[in-house]
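Subject: Structure for your review

Dear colleague,

Please find below the structure that I am handing over to you. I would ask you to keep it open while you read the notes that come after it.

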Amino acid sequence: MKSRTPAKVILFGEHAVVYGEPALAMAINLYSTVDIEKSDELLIDNSPPDRKYHSFILTAYEKSGFALPVHIRVRSSFSPSSGLGSSASVTVGTVSSLLAISGRWSKEEIARIAFETEYSVQGRASPTDTSTVTSGGGIIISRNDVESRLWRIEKNGIEWNVGRIDIKPLELIVASSGIRGSTALLVSKVNSFVSRNRFGMDVIREIGEISRSAITPLMDGDLETIGELMVRNNKLLNILGVGHELTTRIIDSVLPYSYGAKITGAGGGGSVLILPRERDAIIEKLESMGIKYFRVSMDREGVTLLK
Ligand code: PMV
């Protein structure tokens with residue numbers, strides 16, 4: 001049974017969402033596939049699993065409650081630790097294929113098991129990535145109730161409502177720094193900042209305010225306002241300590257030709273999300289810096305079964 005799952009970008013609110021503030025995310029047209037067949041022993045890409053390298057897939061297998069051994073084959077058109085939700089995409093694909101084999105396929109169930117998997121591997125997580133790549137389209141994750149709610153997920157006293165938002169189509173460029181930031185380490189770095197610093201929670205709340213103010217501009221396609229909010233969100237992410245010298249250099253180089261640009265995902269390297277004003281000038285800049293980039297648009301389907 002084969003599943004195809006998109007990647008995602010977080011438009012606003014990464015890190016703050018772990019503390020219950022709203023985040024806005026969008027599934028994008030880069031994909032991973034996970035193909036699962038019954039087998040005599042548990043295998044991942046022809047080898048016995050090693051928790052060091054296959055922590056997400058192995059935990060997803062355990063949490064899906066599938067009792068029989070299987071062979072899991074994974075392919076991805078985007079790299080891990082790039083801030084595009086590769087672990088979520090592969091986790092969701094694994095859960096989707098296992099639930100399909102056992103006749104239990106449902107997007108809500110996939111999103112729940114995939115979130116439990118990320119939470120247990122990372123030690124702390126929000127359902128943003130897993131719910132976005134499961135559902136597809138534009139997504140809001142919020143502690144408060146949301147319109148068009150898809151599902152509600154609760155963990156350790158924090159409750160997240162996951163809903164759809166009807167984003168106007170956006171043309172985006174994702175520039176990859178090539179530096180792998182570990183989401184788990186960055187989430188715990190922010191946690192130390194927030195618990196040790198008197199102003200830590202203020203920064204988290206201000207990011208939440210930015211996400212709330214971005215909803216209407218995203219629905220209206222108001223690129224000027226979206227861009228300004230991206231720049232403000234990025235400054236706050238830098239204060240939380242998840243910036244990186246190279247992503248800052250990328251952002252500074254493309255900003256003159258953009259409505260806005262920011263880190264997307266956990267940071268510490270990873271990817272930069274650019275809302276282009278002059279697309280060709282940005283591409284020229286990135287190429288002159290030797291930076292790999294993707295032009296992306298929205299995926300509307302989320303996880304799908306291919307056979
Ligand atoms: O780097 P990514 O794509 O895994 O995004 C992580 C998003 C965080 O808000 C930093 C963590 C989370 O679980 O929400």
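The notes below go through the ligand site and then through several individual residues.

Please bear in mind from the start that this is a predicted model.

**The ligand site**

The ligand occupies the largest pocket. There are 15 residues around the ligand, and those that come nearest are Lys8, His15, Ser126, Asp129 and Ala266. Two elements, β1 (2-12) and α5 (183-196), each contribute at least two residues to the shell around the ligand.

Which atoms of the protein lie opposite oxygen atoms of the ligand? Ser126 places a polar side-chain atom 2.6 Å from a ligand oxygen. Ala266 uses its backbone instead, with a polar backbone atom 2.8 Å from an oxygen atom of the ligand. For Gly85, a backbone N or O atom is found 3.4 Å from a ligand oxygen. On its own the ligand has 380 Å² of accessible area, and the protein covers 97% of that area.

**Two buried residues: Ile141 and Ser97**

Ile141 belongs to strand β5, which runs over residues 138-142. Is Ile141 buried or exposed? Its relative accessible area is 0%, and therefore Ile141 is buried. Leaving aside residues up to four places away in sequence, Ile141 touches Val17, Glu21, Pro22, Ala23, Thr128, Thr132, Trp160, Asn161 and Val162. Ser182 is 41 residues from Ile141 along the chain, and the C-alpha atoms of these two residues are separated by 22 Å.

Ser97 sits in helix α2, made of residues 86-101. Ser97 counts as buried because its relative accessibility is 0%. What does the side chain of Ser97 reach? It reaches the backbone oxygen of Met1, at 3.2 Å. Met1 also appears among the residues that Ser97 touches, together with Lys2, Ser3, Val34 and Ile36, when residues up to four places away in sequence are not counted.

**Helix α1: Leu58 and Glu62**

Leu58 lies in helix α1, residues 55-63, and Glu62 has its place in helix α1 as well. Leu58 has a relative accessibility of 8%, so it counts as buried. Glu62, at 44% relative accessibility, counts as partly exposed.

Beyond residues up to four places away in sequence, Leu58 touches Leu42, Pro49 and Arg51. Measuring along the model from C-alpha to C-alpha, Leu58 and Val121 are 10.0 Å apart in space, with their positions 63 residues apart in sequence. Glu62 and Tyr31 are 31 residues apart in sequence, and their C-alpha atoms are 23 Å apart in space.

**Two residues with a positive phi: Ser148 and Asn156**

Most residues other than glycine have a negative phi. Against that background, two loop residues deserve your attention. Ser148 is not a glycine, yet it has a positive phi of about 50 degrees. Asn156 is not a glycine either, and its phi is positive at about 45 degrees.

Where are these residues found? Ser148 is in the loop between β5 and β6 (149-155), and Asn156 is in the loop between β6 and β7 (158-165). Ser148 has a relative accessible area of 48%, so it is partly exposed. Asn156 has a relative accessible area of 62%, so it is exposed; the dividing value here is 50%.

**Arg277**

Arg277 is placed in the loop between β10 (271-276) and α9 (279-289). With a relative accessibility of 41%, Arg277 counts as partly exposed. Which residues does Arg277 touch? Not counting residues up to four places away in sequence, they are Glu224, Tyr257, Ser258, Tyr259 and Ile282. With Glu224 there is also a polar contact of 3.2 Å, which joins the two side chains. Pro80 is 197 residues from Arg277 along the chain, and the C-alpha atoms of Arg277 and Pro80 are separated by 28 Å.

I would suggest locating each residue in the structure as you read the section that names it.

With kind regards

Conventions:
Residues numbered from 1 in each chain as written. Predicted model: local features only at pLDDT ≥ 70, side-chain atom pairs only at ≥ 80, totals over all residues. Heavy atoms only, no water. Helix = DSSP H or I, 4+ residues; strand = E, 2+ residues; numbered from the N terminus. Buried < 20%, exposed > 50% of the residue type's maximum accessible area, 1.4 Å probe, protein only. Contact = heavy atoms within 4.5 Å. Near = heavy atom within 4 Å. Polar contact = N/O pair within 3.5 Å; in protein donor to acceptor, adjacent residues only side chain to side chain. Areas by Shrake-Rupley, 256 points an atom, 1.4 Å probe, with all protein chains shown as cover. 1 Å grid on protein atoms, 1.4 Å probe; cavity = no way out; pocket = protein on both sides within 12 Å on 5 of 7 lines; lining within 4 Å. Sits in = over half its atoms within 2 Å of the grid points.
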